[in-house]
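Hi,

Here is the structure I promised to pass on. Have a look at it first, and then read my notes underneath.

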Amino acid sequence: MTESSGMDIDDASLRLTIDIISAVAFAFPRTAVDLGQDEIIECLPNALREIQKRMTNPFRAFISSKEARRAMHCAKVFERACRDMLVHIRHCDLNNLPKNDVGRQLLDVRRPDDGCALTDEQLIAEIGTFLMGGLETTAHTLSFTLYCIAANPIVQQHIVQELLAHNLLRSTKHEPLDLTFDRLAQLLYVDAVLKEAMRMFSVVAGFPRITDQDFYLENLRIKSGSFIYVSLYALHMSGLLWDKPEVFNPDRWFSHDNLKDSYAHDTSLTTDVDNNIRTFLPFSNGPRSCIAQVISATSKHGMLLTKHIL
Ligand code: HEM
């Protein structure tokens, strides 16, 4: 790359994310590029777009179009990649894998009805859910964060100061220390930058729910069994909840003392006490919230600071 040529940061973030998820969750030793699995990066958005369109128009499933055929091809490519991953997991010496390796745990799962192991089709679906849930969310969050940093030179200076203060950047005096979990946890400003980027550019725009009881929104009665959509964009950008929401301001995360100790995934601290409402929910809330909040928060910090990116 020459100095004047651009670089597609989102593409780089996607490749880095797929490698990290594969390595961390499935002990996958090689990179996506080695395996030709970077096709996933091209195919997954096409397949997801078609799913979304079918949610609003189920008849699409019965109408053949060039777009739909392409989406089906993409879905097959994705499925093949997940199948490859399963073959890899089956060939691993499970005793050498960490106990919390997702692949190892999936093989240990027993179906509650008959006590049998999951079938290959079920395992492939689980692997696919993991990749689908983690890939674009993490990578686009990283890209938006890098955009916010690039557009705010003062934020860049603060990050450099924080990294220097923790001996994590090369200086004239010493080589940088290794990035460890403990050291990551001390980087409060970097944490605030990530939170602020996730507030403004929540990659999951919102989530659907079906209410299980009647409730009132002001004077509006929402009946039990209603389909509702919680918009994260509206929540995170509301002038009623955030001061100047349209301004990228990591410092806002330090105005509440407790927040200094929180991690990005710890949404419990972002509650508007007076109104008893959660104001920051990038990973959703409750039993169906993101299963990977901790790994995701940690990996984004790590990726942001890795020498490949910053
Ligand atoms: C910045 C990164 C991420 C964000 C913002 C994010 C956000 C979310 C949100 C909002 C939900 C809940 C959707 C709902 O309530 O309907 C969710 C669910 C989920 N996420 Fe994430 N996620 C991220 C990273 C990841 C990663 C890295 C993985 C896996 C490797 C992952 C796996 C999942 C799965 C499997 C679910 C479904 C949980 C369930 O239905 O019980 N996510 N995520």
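Below is what I found in it, starting with the overall picture and then going through the ligand, the helix packing and a few single residues.

First, a caveat: this is a predicted model, so please read everything here in that light.

**Overall**

The protein has 10 helices and 6 strands. Out of its 310 residues, 25% count as buried. If you take the contacts between residues at least 6 apart in sequence, 61% of them join residues at least 24 apart.

**Around the ligand**

This is probably where you will want to start. The ligand is surrounded by 22 residues, and the closest are Gly133, Gly134, Ser284, Cys290 and Ala292. Three elements give two or more residues to this shell: α1 (9-26), α5 and α10 (293-305). Helix α5 supplies the largest share, with 7 residues. Sorted by class, the shell comes out as 12 nonpolar, 9 polar and 1 charged residues.

So where does the ligand sit relative to the domains? Domain 1 (9-151) and domain 2 (181-299) both give residues to the shell, so the ligand lies between them.

One of the closest residues, Ser284, has a backbone detail to check. Its phi is near 70°, a positive value in a residue other than glycine. Ser284 is in the loop between β6 (277-278) and α10, and it counts as partly exposed because it has 18 C-beta neighbours inside 10 Å.

**Helix packing**

Helix α5 turns up again here, in two contacts with other helices.

- α5 with α8: the axes of α5 (residues 120-150) and α8 (residues 188-200) come within 9 Å and cross at roughly 110°. The two helices are therefore roughly perpendicular to each other. On the α5 side the contact is made by Thr141, Phe144, Thr145, Cys148 and Ile149, and on the α8 side by Val193, Leu194, Ala197 and Met198. That gives 7 nonpolar, 2 polar and no charged residues.
- α3 with α5: the axes of α3 (residues 66-91) and α5 also come within 9 Å, crossing at roughly 110°. These helices are therefore roughly perpendicular too. Here Phe78, Glu79, Cys82, Arg83, Met85 and Leu86 of α3 meet Asp120, Leu123, Ile124, Ile127, Gly128 and Leu131 of α5. The classes are 8 nonpolar, 1 polar and 3 charged residues.

Helix α8 has another partner in α6 (residues 153-165): these two pack at an angle of about 145°, with their axes 8 Å apart. Val155, His158, Ile159 and Glu162 from α6 meet Tyr189, Val190 and Val193 from α8. By class, this contact divides into 5 nonpolar, 1 polar and 1 charged.

Is Ile159 of α6 buried or exposed? With 21 other C-beta atoms within 10 Å, Ile159 is buried. Leaving aside neighbours within four places in sequence, Ile159 is in contact with Ile149, Tyr189, Val190 and Val193. For Ile159 and Val190, the C-alpha atoms are separated by 6.4 Å, with the two positions 31 residues apart along the chain counted as their separation. Val193 appears in the α8 side of the contact with α5 and again in the contact with α6.

**A few more residues**

- Asp191 is in helix α8. Its count of 24 other C-beta atoms within 10 Å makes it buried. Asp191 and Trp253 are 62 residues apart in sequence, and their C-alpha atoms are 9.1 Å apart in space.
- Asp11 belongs to helix α1. It counts as partly exposed, with 14 C-beta neighbours inside 10 Å. The C-alpha atoms of Asp11 and His140 are separated by 9.2 Å, although the two are 129 residues apart along the chain.
- Glu218 also has a positive phi, about 55°, although it is not a glycine. This residue lies in the loop between β2 (215-217) and β3 (220-222). With 4 C-beta neighbours inside 10 Å, Glu218 counts as exposed.

Over to you!

Terms used. Residues are numbered from 1 along each chain as its sequence is written. This is a predicted model: local features need pLDDT of at least 70, side-chain atom pairs count only at pLDDT 80 or more; totals for chains, interfaces and linings use all residues. Axes are lines fitted to C-alpha atoms, for helices over the stretch in contact, and angles run from 0 to 180 degrees between N-to-C directions. Helices (H or I, at least four residues) and strands (E, at least two) are DSSP runs, numbered from the N terminus. Angles under 35 degrees count as roughly parallel, over 145 as roughly antiparallel, 65 to 115 as roughly perpendicular and the rest as oblique. Two residues are in contact if their C-beta atoms, placed from the backbone, lie within 7 Å. Ala, Val, Leu, Ile, Met, Phe, Trp, Tyr, Cys and Pro count as nonpolar, Asp, Glu, Lys and Arg as charged, and the others, Gly among them, as polar. A residue is near a molecule or strand if its C-beta atom, placed from the backbone, lies within 6 Å of it. Domain bounds come from an automatic or database domain assignment. A residue is buried if 20 or more other C-beta atoms lie within 10 Å of its own, exposed if 12 or fewer, and partly exposed in between; C-beta atoms are placed from the backbone.
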